[in-house]
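Me: Please take a close look at one part of this protein, the final helix and the elements that surround it, and relate it to the rest of the fold. A formal, connected account would be appreciated.

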Amino acid sequence: MPRLRTRLAGALLSVLALTLTLTGCGGSDTSAATASSKVTAAANRVEPLTDTPDPQLPVTVSSADGKKVTVREARRIVPLSGSLSEIVFTLGLGDRVVARDITATFQQAAKLPLVTRNHDVSAESVLSLKPDLVLAEKTTGPSEAMGQIRAAGVPVLVVDPAQGLADVGPRIQAVADALGVPAAGKELTKRSEDRIAAVRKAIPAHKEKPRVAFLYLRGSASVYLIGGKGSGATSLLEAAGAVDAGAESGLEQDFTAITTEALAKAAPDAILVMTKGLESVGGTDGLVKIPGVAQTPAGMNRRVVSIEDGVLLNYGPRTDQVLESLVDQLYGGGDE
């Protein structure tokens with residue numbers, strides 16, 4: 001999730017500079033994490049369209065970096081984010097993808113070679129695969145690597161970042177247009193939006209909107225952050241009939257170091273985390289040991305919603321599954 005990585009960068013630097021003394025288990029207790037969360041079984045796979053589209057190329061499309069990009073072939077595609085990989089595969093063109101970014105965690109992409117080191121793009125790795133199209137986010141980097149790829153004459157399409165549910169359709173269509181399959185893009189957009197709408201319609205009736213705090217956790221690095229405005233979770237939480245507790249409590253930054261005061265002000269009824277983040281602090285048992293968590297309504301009731309890292313904030317073809325999992329864990333199928 002390049003967008004999330006960029007938003008976290010500034011917050012992480014601040015956290016490290018302050019030398020936080022927050023406690024939390026650095027190890028991983030996967031059994032504890034598994035017991036505390038329910039993850040959609042289909043979360044590790046994408047569902048391609050029934051009919052495989054036939055790309056009509058060449059096409060010239062507008063890139064989010066202000067450039068015009070002409071795509072003449074799309075037989076060797078390198079998407080540089082898990083979200084963009086997901087879109088290509090779901091459009092039915094996964095057999096044309098020759099590499100993956102570290103955030104492409106779904107099963108169909110698992111055996112593809114990695115072209116990122118940690119979260120940085122390796123220009124040499126990308127170019128060695130002789131791609132005829134590279135798909136990137138605005139946050140994909142480093143810029144030197146992207147410059148090398150462009151200098152080699154490879155078309156690079158930059159896609160606007162995902163901020164919320166409203167971006168699902170535009171991102172799908174941007175990729176579909178660049179691949180010469182605009183009709184498939186419209187079909188996938190409709191399918192995705194219809195499925196999201198169906199999940200929203202089925203949300204159990206509840207008297208009050210639960211307050212949910214999005215926490216970014218990496219216990220091994222002693223990184224504990226709470227999401228505020230712009231974290232990317234607000235749209236998803238609102239669609240689930242909840243309130244983004246961090247944003248609503250006045251946290252202006254995308255991510256802020258967790259403090260007892262910040263958690264008390266947010267007063268979440270539930271906590272939303274990424275699955276690996278929860279594992280990294282030792283599951284729910286470790287989560288409630290982070291200062292301030294146990295004193296919140298969420299901590300006292302051990303009410304934790306855990307969703308797989310590689311799909312939570314993608315805002316793409318699997319967002320209906322994310323929303324369904326969020327709703328299921330948040331309400332448990334009953335009324336409040």
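Reply: The protein chain contains 14 helices and 13 strands. The model is a predicted one, and the values below are computed from it. Of the 336 residues in the chain, 55% count as buried. Among contacts with a separation of 6 or more, 70% join residues 24 or more positions apart. The chain exposes about 14200 Å², of which carbon and sulfur atoms supply 52%.

Helix α14 is the part in question. This helix spans residues 319-331, 13 residues in total, and reaches 18 Å from its first C-alpha to its last, close to the 18 Å expected at 1.5 Å a residue. Helix α14 is mostly covered, with 11 of its 13 residues buried. The buried positions include Thr 319, Asp 320 and Gln 321 at the start of the list. Val 322, Leu 323, Ser 325, Leu 326 and Val 327 are buried as well, as are Gln 329, Leu 330 and Tyr 331. Just after the helix, Gly 332 takes a positive phi of about 60°.

The cover over these buried residues comes from several elements. Among the helices that contribute are α6 (168-178), α7 (182-201) and α8 (234-239). The strands β8 (211-218), β12 (270-274) and β13 (304-307) are also included in the cover.

One of these covering elements, α6, leads to a sheet elsewhere in the chain. That sheet is open and has three strands in the order β3-β6-β7, with parallel pairing. Strands β3 (77-79) and β7 (156-159) stand at its edges with a single partner strand each, so one side of each has no neighbour in the sheet. On average, neighbouring strands are turned by 15° against each other, direction ignored. Strand β6 (residues 133-137) pairs with β7 in the parallel sense over four bridges, and Ala 136 stands opposite Val 158 in β7. Helix α6 packs on this sheet, touching β6 and β7, and its direction makes about 165° with that of β7. Helix α6 thus has a place in both descriptions: it packs on the sheet and is included in what covers the buried residues of α14. Helix α3 (residues 82-93) packs on the sheet too, touching β3, β6 and β7, and its direction makes about 130° with that of β6.

A further part of the chain is the hairpin formed by β1 and β2, with five residues between the two strands. In its turn, Gly 66 has a positive phi of about 90°. Strand β1 (residues 59-62) is joined to β2 by four bridges, and the two run antiparallel. Thr 60 has Thr 70 in β2 as its bridge partner, and Ser 62 stands opposite Lys 68. In a regular strand, side chains alternate between the two faces of the sheet. Along β1, Val 59 and Val 61 point to one face and are buried, whereas Thr 60 and Ser 62 point to the other and are not. Strand β2 (residues 68-71) has a covered face with Val 69 and Val 71, and an uncovered face with Lys 68 and Thr 70.

Notes
Residues numbered from 1 in each chain as written. Predicted model: local features only at pLDDT ≥ 70, side-chain atom pairs only at ≥ 80, totals over all residues. Heavy atoms only, no water. Buried < 20%, exposed > 50% of the residue type's maximum accessible area, 1.4 Å probe, protein only. Contact = heavy atoms within 4.5 Å. Areas by Shrake-Rupley, 256 points an atom, 1.4 Å probe, with all protein chains shown as cover. Pairing = 2+ DSSP bridges. Expected span 1.5 Å × (residues − 1). Axes fitted to C-alpha atoms, helices over the stretch in contact; angles between N-to-C directions.
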